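Please read the report below alongside the sequence and the coordinates.

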Amino acid sequence: MNIRRLRGIAVAGALSAALAQVAPGVTATAPSAIKVDVRGGTAVALSPAEIGYSPAWGGVTDNGAYVELLKVEDPDTANAVTTTVTTCVADAEGNYSYTVGAERIVRFIHRVHAAGGAEAGETLVRDVAFGWRGVAADTAVADTRVTSLREAVAASVSKGGHVSLTYDTDWATNGAPASVAIKALALTGEGGTVRATNSVFTAAADAVGEAPLTGVGTGWFRLICQVPDASGNPLLEYATGDFLLKDFATVIMMR
């Protein structure tokens, strides 16, 4: 995980086991190293992670310059804490092996100092989310298609059953979650505007489990999962693709 130029630190590194979040509560890992480009947002990594450093990345090439790596736990919150991860040797360029602790979202800061200790050059910043290595069977399947929920609903309802919706307040790692809510947004049609909002499930933290998708009516819907803090500020919001719920009936043909 190399910290490169740009204020949002462009990264195009190889992770030995890249973690990709495909939906809340659903993850998959690659069996071998893959290239990951995270220029558009937060990097996702597994611990330990290699953090690259070099005074030249801050635009400093003077003799004696060195890099200070810092981290901010719970960035952009009232609980944010900044500490120094390591102070590198002067004129050194290399990689630092970082092992995550209890924190799950960390803001790394790559700061360059001149030989006398004064800050110099450009400070680089990158937000990184760390995932867990889960214990899984030899074979695991993850369906990431945008139509997968639609197909699951159609297949389940046609057989008189229901779709189970997984929830977990721990999905919100950027604060202290107070509750979780799943809502069904009734749409005017596929890709249409919201005409009504139906509550499917709510629970106070800490909450983890499954809830059935029932009692929302028929028509086109979109599900939304929300996890706020105690003040109602959103910590996590995830929306699904659109899907159709239909009534089933028996038709008798008479001649």
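The report goes from the whole chain to a four-stranded sheet, and then to an aromatic pair and selected buried residues.

## Overall composition

This is a predicted model, and the secondary structure of its protein chain comes to one helix and 17 strands. Of the 255 residues in the chain, 38% count as buried, while the chain as a whole exposes about 14,600 Å², of which carbon and sulfur atoms supply 51%.

When contacts in the protein chain are restricted to residues at least 6 apart in sequence, 64% of them join residues at least 24 apart.

## An open four-stranded sheet

Four strands form an open sheet in the order β14-β13-β16-β17, and their pairing is antiparallel. At its edges lie β14, which covers 194–204, and β17, which covers 234–245, each of them pairing on one side only. Averaged over the sheet and with direction ignored, neighbouring strands are turned by 20° against each other.

Strand β13, made up of residues 179–187, runs antiparallel to β14 and is joined to it by nine bridges; within this pairing, Lys 183 has Ser 199 of β14 as its bridge partner. Six bridges join β13 to β16, again in an antiparallel arrangement, and here Ala 186 is partnered by Phe 221 of β16.

## Strand β16 and its hairpin

How much of strand β16 is buried? Seven of the ten residues in this strand, which spans 219–228, are buried, so β16 is largely enclosed by the rest of the structure. Cys 225 has a relative accessibility of 8% and therefore counts as buried, since the cut-off is under 20%.

Nine bridges join β16 to β17, and the two strands run antiparallel, with Glu 237 of β17 as the bridge partner of Gln 226. The two strands form a hairpin with five residues between them, and in the turn Gly 232 has a positive phi of about 85°.

## An aromatic pair between β9 and β10

The count of aromatic pairs comes to three. One of these joins Tyr 98 and Phe 108, whose ring centres are 5.0 Å apart and whose planes stand at 85°, so the pair is edge-to-face. Because Tyr 98 lies in strand β9 (residues 94–98) and Phe 108 in strand β10 (residues 105–113), the pair ties together parts that are ten residues apart in sequence.

Both partners are covered by their surroundings in terms of accessible area: Tyr 98 counts as buried at 4% relative accessibility, and Phe 108 is likewise buried, with a relative accessible area of 3%.

## Val 106 and its contacts

Val 106 also lies in strand β10, and its relative accessibility of 0% places it among the buried residues. Once neighbours within four places in sequence are set aside, Val 106 is in contact with Lys 71, Val 72, Tyr 98, Arg 126, Asp 127, Val 128 and Phe 130. For Phe 130, the separation from Val 106 is 24 residues in sequence and 8.1 Å in space, taken from C-alpha to C-alpha.

## Cysteines

How many disulfides does the structure hold? The structure holds zero disulfides. Cys 88 counts as buried at 9% relative accessibility, and Cys 225, described above with strand β16, counts as buried at 8%.

Key:
Residues numbered from 1 in each chain as written. Predicted model: local features only at pLDDT ≥ 70, side-chain atom pairs only at ≥ 80, totals over all residues. Heavy atoms only, no water. Disulfide = S-S within 2.5 Å. Buried < 20%, exposed > 50% of the residue type's maximum accessible area, 1.4 Å probe, protein only. Pairing = 2+ DSSP bridges. Axes fitted to C-alpha atoms, helices over the stretch in contact; angles between N-to-C directions. Contact = heavy atoms within 4.5 Å. Areas by Shrake-Rupley, 256 points an atom, 1.4 Å probe, with all protein chains shown as cover. Phe/Tyr/Trp six-rings, centres within 6.5 Å; stacked < 30°, edge-to-face > 60°.
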